[in-house]
Amino acid sequence: MLTAGHAAWGYTTSTGLPFTHEEIVDPHFEACAVPYLDALDGVGIRPGWHVLDAGCGSGAFLPRIAELVGSAGRISAVDLAAENVERAAGRLRDRPDAPPLVVRRAGLLDLPYADGMFDAVWCANTTQYLDDAELARALAELRRVTRPGGLVAVKDVDGSLSTVRPGDPFLISDFLRASAASPGYARQLLRGRDLYRWLRAAGLADVRQRTILMEHHAPLTPAALRFYANACARFARQAADEGIAGDWAPFLDPDDPAGPLRHPDGYVSEGNVIAIGTVPFAPMDGDDTP
């Protein structure tokens, strides 16, 4: 059986992506459920709609989407990892009034759906794994499969708001600055605050965006401690491997009872951004309005 420490170094899905295994993302969702679900509730999804959860992971958002669309609605979902598809497909199995749910294995770059098939698309905690070219392509796909007048909502991390205490207040920001010097995951963690312009560039209209600060104070809940201790340990290991300056040593062992997040003054914060746009209607014949 893998320990929490193993989770920090070795838990990935079959896709090989970091931080996507259910043993990591499910505690993260539990720790942040209130702001996460508040973000989803603010999208504007209506009863009876057909909604796509694009990059659904293990399906943590599916029960709330089901509540929003009601029994008259429909839900589709995709994820790259076969094990996530299997788990997500069972999320509504014990809910007799749940809308139909179909989960497929697919990526965001080539969605297996017809044009204009959905009333809304929800994409959470997924675009951070895409480089810039892939993000543009994924957003074009999300727009393509959403009907005119429908909604595309993208929620993802804003790494610039991450910090831990006790510890150097610049520890995470310096780590991200050093790691983001080259293209890759760290740079993509800092892209969240720019989502609004990515949605605009994808041709979406009436784009709105808000940033969410999520704070966890000691004593951290078991779910928060499980996720953030492992996340910090992973960053600490990467910092050591890459020679990134900073006092990461206290975070190396996520099970250390003397670790900073178990301190009476333990604190961790992170930021998320939710950006929402509307698919515009095609201009009428003879209408030259841009």
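This short talk covers the cores, one covered helix, the cysteines and the cavities of the structure shown above.

Good morning, colleagues. Please keep in mind throughout that this is a predicted model.

I begin with the nonpolar interior. The largest nonpolar core has 61 residues. Within this core, the residues with the most contacts are I45, F61, I65, W122, V164, W248 and L261. Helix α10, residues 222-242, gives the most to this core, namely 11 residues. There is also a second, separate core of 27 residues, and L111, L139, W198 and A202 are included in it.

Let me take I45 as an example. If we leave aside its neighbours within four places in sequence, I45 is in contact with L40, V51, L68, V69 and A120. Two of these partners, L68 and V69, belong to helix α4 and are buried there.

That brings me to α4 itself, which spans residues 62-69. How many of its 8 residues are buried? The count is 6, and the helix is thus described as mostly covered. The buried positions are L62, P63, I65, A66, L68 and V69. An α-helix has 3.6 residues a turn, so residues three or four places apart point the same way. As for what covers the buried residues of α4, the surrounding elements include the helices α3 (33-41) and α5 (82-89), together with the strands β1 (50-54), β2 (74-79), β3 (101-105) and β4 (118-124). Just after the helix, G70 adopts a positive phi of about 70°.

I turn now to the cysteines. A search of the whole structure finds 0 disulfides. Why does C32 form no such bond? Its sulfur lies 13 Å from the closest cysteine sulfur, that of C232, which is too far for a bond. C32 counts as buried, at 1% relative accessibility. C56 is likewise unpaired, because its sulfur is 11 Å from the closest cysteine sulfur, in C123, again too far for a bond. C56 is buried too, with a relative accessible area of 7%.

Finally, the cavities. The count comes to 2 cavities of 30 Å³ or more. The largest has a volume of about 70 Å³. Its lining includes C232 and L261, residues already mentioned, as well as F251, D253, D256 and R262. By class, this lining has 7 nonpolar, 1 polar and 3 charged residues.

The second largest cavity holds about 30 Å³ of space. It is lined by T127, Q128, D156, V157, Q188, R191, G192 and L195. These residues divide into 2 nonpolar, 4 polar and 2 charged.

Thank you for your attention.

Methods
Residues are numbered from 1 along each chain as its sequence is written. This is a predicted model: local features need pLDDT of at least 70, side-chain atom pairs count only at pLDDT 80 or more; totals for chains, interfaces and linings use all residues. Side-chain values use heavy atoms; hydrogens and water are left out. On a 1 Å grid over the protein atoms alone, a cavity is a set of points where a 1.4 Å probe fits but cannot get out, and a pocket is an open set with protein on both sides within 12 Å along at least five of seven lines; lining residues have an atom within 4 Å of a point. Grid points are joined across faces, edges and corners, and a volume is the space filled by probe spheres set on the points. Ala, Val, Leu, Ile, Met, Phe, Trp, Tyr, Cys and Pro count as nonpolar, Asp, Glu, Lys and Arg as charged, and the others, Gly among them, as polar. Buried means under 20% relative accessible area, exposed over 50%, partly exposed in between (1.4 Å probe, protein chains only). Helices (H or I, at least four residues) and strands (E, at least two) are DSSP runs, numbered from the N terminus. Contact means heavy atoms within 4.5 Å. A nonpolar core is a set of buried Ala, Val, Leu, Ile, Met, Phe, Trp, Tyr and Cys residues joined through side-chain atoms within 4.5 Å. A disulfide is a pair of cysteine sulfur atoms within 2.5 Å.
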